[in-house]
Amino acid sequence: MILIFLRLITHDKNENICDLPKEWLQSTSVSMEINKKGFHRELVTTVDFSPDVPTGLQVLLVHRWPRGIYVDPFQLASLSDHGDWQILLGSAIDLEVPAHKTVGFVALVYPILDGQIPRRLKTTIPIHGRYHEPSFVGETFVLVSLESPELLLRSDTCTQLYYSQPHTIVDAPCTADNTSICPWVKVQHQQEQSGASLQFPVGDGSLVTPVCSGTLLVTMMCCVALSKYIWKYQN
């Protein structure tokens with residue numbers, strides 16, 4: 001199991017965070033968009049920076065996803081080899097279990113930044129909906145809400161980070177390799193960043209008994225007919 005942790009570090013100094021000025025941090029924004037339909041979707045996360053992006057900037061998006069969705073580690077490994085991001089999962093992912101028998105999980109997404117940092121940064125992650133328990137109250141869809149990811153930043157040119165309200169300093173893996181821990185600036189936006197919602201179909205619980213009974217009856221009839229056919233031609 002991969003251990004991912006965020007730890008608050010307190011400092012006495014209240015000033016600009018190394019070479020990440022407070023005003024510049026406050027101007028950043030994070031938004032999400034869901035593409036495609038059905039159980040297999042794409043989550044597009046966009047980070048907008050103001051001009052004068054600091055040199056050596058590194059970005060980390062911390063997604064805390066609910067139990068109603070999952071990501072396929074094998075699919076992600078294939079995509080990250082040819083994509084512009086890497087991902088680190090906080091726990092093992094069971095692809096088969098339904099939503100009510102699992103828990104949410106944490107995913108750390110590291111955009112690969114080569115050369116000049118763009119003012120608009122996008123990552124596209126494939127996500128999948130889990131099957132939910134059938135509804136006994138007539139509901140045909142279930143709503144799954146996604147929180148906006150936490151935005152963590154650091155600079156390769158910084159040797160020390162200082163606490164500056166409302167931002168905090170947290171510890172997280174430096175890269176997706178999870179071989180070392182670095183301090184990151186957790187950006188706290190003045191306005192709450194909007195998340196996204198997905199709808200997935202659910203079965204009708206009132207049909208469970210008649211469907212199971214009908215299936216059992218048909219199965220028994222087929223078995224009886226097959227047994228008679230075998231008995232007839234064996235004799």
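1. Let's start with the surface. In this predicted model, the chain exposes about 13900 Å², and carbon and sulfur atoms supply 54% of that area. Of the 235 residues of the chain, 39% count as buried.

2. Next, the overall build. The secondary structure comes to three helices and 13 strands. If you look at contacts with a separation of 6 or more, 76% of them are between residues 24 or more positions apart.

3. One pair of strands is worth a look on your screen. Strand 11 covers residues 168–173 and is mostly covered, with six of its six residues buried. Its partner here is strand 12, residues 181–186; the two run antiparallel and are joined by six bridges. To find your way in this pair, pick Asp 171, which stands opposite Pro 183 in strand 12.

4. Now to the cysteines. How many disulfides does the chain have? The count comes to one disulfide, formed by Cys 174 and Cys 182. Their sulfur atoms are 1.8 Å apart, and the link is right-handed, with 100° about the S-S bond. Cys 174 and Cys 182 are both buried. As a reminder, a disulfide is a covalent bond between the sulfur atoms of two cysteines.

5. You may wonder about Cys 222 and Cys 223. Why is the sulfur of Cys 222 not bonded to that of Cys 223? The closest cysteine sulfur to that of Cys 222 is the one in Cys 223, but at 7.0 Å it is too far for a bond, because a disulfide calls for sulfur atoms within 2.5 Å. Seen from the other side, Cys 223 is in no disulfide either, and its nearest cysteine sulfur is that of Cys 222, 7.0 Å away.

6. Are these two cysteines buried or partly exposed? Cys 222 has 49% relative accessibility, so it counts as partly exposed. Cys 223, with a relative accessible area of 43%, is partly exposed as well. The buried range, for reference, is under 20% and the exposed range is over 50%, so both values fall in between.

7. Finally, helix 3, which spans residues 208–234. Leu 226 lies in this helix and has 52% relative accessibility, so Leu 226 counts as exposed. Together with Tyr 229, Ile 230 and Tyr 233, Leu 226 forms a nonpolar patch on the surface. The four residues of the patch have about 470 Å² of accessible area together.

Terms used. Residues numbered from 1 in each chain as written. Predicted model: local features only at pLDDT ≥ 70, side-chain atom pairs only at ≥ 80, totals over all residues. Heavy atoms only, no water. Patch = residues over 30% accessible without salt bridge, like charges linked within 9 Å, V, L, I, M, F, W, Y side chains within 5 Å. Areas by Shrake-Rupley, 256 points an atom, 1.4 Å probe, with all protein chains shown as cover. Salt bridge = Lys/Arg side-chain N within 4 Å of Asp/Glu carboxyl O. Helix = DSSP H or I, 4+ residues; strand = E, 2+ residues; numbered from the N terminus. Buried < 20%, exposed > 50% of the residue type's maximum accessible area, 1.4 Å probe, protein only. Pairing = 2+ DSSP bridges. Contact = heavy atoms within 4.5 Å.
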